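User: Please take a close look at one part of this model, and tell me how it sits in the whole. I would like one connected account rather than a list.

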Amino acid sequence: MGEEYSPQVAEAETKDPSLKTNVKPPPPQLPHFVLIHGISGGAWCWYKIRCLMENSGYKVTCLDLKGAGIDPTDPNTVLTFQDYNKPLLDFLSSLHENEQVILVGHSAGGLSLSDAIHRFGKKKIKVAVFVGATMLKSGFVTDQDVRDGVPTLSAFGEMKDVYDIWLGLGEDHPPTTVRIKKELQRKILYQLSPLEDSTLAAMLLRPGPILALSRATFEETEHADNVPRIYIRTSQDNVLTPEQQEAMIKRWPPSDVYLLESDHSPFFSSPFLLFGLLVKAAVCYGC
């Protein structure tokens, strides 16, 4: 016969839960990913990645920055980078005291990551992942920063031929927002992506606050090199060229570099591979 389960045992287990028999510990909590879009995009860009992550049990937050996605702000009124990035900074400030997240930024979303790294460090950020993204330690301070971090689309024509341009401050001032012309979007942004995704993007892309982004500068803090950074190179990128990506990697070396055979938009063209690399980053850095 088996051992009898007496009232005395039950009473002891009530007083000390660690004595309970056959009680399984709760499963470990999977990491929380926070996904940041690039210029003209929005939270919607990540719909494939979000689906893969949530189906695998991860917590995912996709944010719209100021004037992007479904945020109601007129992007022509977003004139400073601090204003543009406020949704991310507010979100990180709202996290529980000991909660850390994995920040993922695409394209110009890399500027948002750099800003957050300087402000919050490891207190809120477990690891930062730059996906074909602008990765500048201090933002746009020098001419070299501009050469490395600003897309060069001259192969597709002059600026007026490539972009729709809005002059929110008047004709005597620099453009406030731009958006790649609809007829060039697939060729520049999505040449390896499914047609249905580039069609969706053409319906949803908004003018991006180029003036605010051009003013992105960060006061360097001790946090700058404390947060592990991973750069995912996008090898067939027509926006941030492989040469620009390599230059940024050399100037501010990340903890690791992964290579992805994709266009500028791997969340459309290579979602399963991108998902795998994001999970790899989480595992490698103890998340």
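Analyst: Happy to. Let's begin from the outside: the protein has an accessible surface of about 14,300 Å², and carbon and sulfur atoms account for 54% of it (areas by the Shrake-Rupley method with a 1.4 Å probe, only the protein chains shown counting as cover for residues). Please keep in mind that this is a predicted model, in which local features need pLDDT of at least 70 and side-chain atom pairs pLDDT 80 or more, while totals for chains, interfaces and linings use all residues. Residues are numbered from 1 along each chain as its sequence is written, and side-chain values use heavy atoms, with hydrogens and water left out.

The fold contains 13 helices and eight strands (DSSP runs numbered from the N terminus, H or I of at least four residues for helices and E of at least two for strands). Of the 287 residues in the protein, 51% are buried (under 20% relative accessible area, against over 50% for exposed and partly exposed in between, with a 1.4 Å probe and protein chains only). Contacts (heavy atoms within 4.5 Å) reach far along the chain: of those between residues at least 6 apart in sequence, 73% join residues at least 24 apart.

The part I would zoom in on is the pairing of helix 4 (residues 86-94) with helix 5 (residues 109-120), whose axes come within 10 Å and cross at roughly 40° (lines fitted to C-alpha atoms over the stretch in contact, with angles from 0 to 180 degrees between N-to-C directions). The crossing is right-handed (the near helix is turned clockwise from the far one by less than a right angle). Helix 4 contributes Leu88, Leu89, Leu92 and Ser93 to the contact, and helix 5 answers with Ser112, Asp115, Ala116, Arg119 and Phe120. By class, five of these residues are nonpolar, two polar and two charged (nonpolar being Ala, Val, Leu, Ile, Met, Phe, Trp, Tyr, Cys and Pro, charged Asp, Glu, Lys and Arg, and polar the others, Gly among them).

Just before helix 5, in the loop that follows strand 3 (101-106), sits serine 107. Its phi is near 55°, a positive value in a residue other than glycine. Serine 107 has 9% relative accessibility, so it counts as buried.

Within helix 5 itself, histidine 118 deserves a look. It has 5% relative accessibility and therefore counts as buried. Its side chain comes to 2.6 Å from the backbone oxygen of lysine 137. Leaving out residues up to four places away in sequence, histidine 118 touches Lys137, Phe218, Glu219, Glu220, Thr221, His223 and Ala224.

Strand 7 (residues 229-234) holds isoleucine 230. Its relative accessibility is 0%, which means that isoleucine 230 counts as buried. Isoleucine 230 and valine 104 lie 9.4 Å apart in space, C-alpha to C-alpha, although 126 residues separate them in sequence. Beyond four places in sequence, isoleucine 230 has a set of partners including Val127, Ala128, Val129 and Phe130, as well as Pro254 and Tyr285.

Finally, glutamine 245 belongs to helix 11 (residues 242-251). With a relative accessible area of 1%, glutamine 245 is buried. Its contacts beyond four places in sequence include Tyr231, Ile232, Arg233 and Thr234, together with Gly132.

Conventions: Polar contact = N/O pair within 3.5 Å; in protein donor to acceptor, adjacent residues only side chain to side chain.
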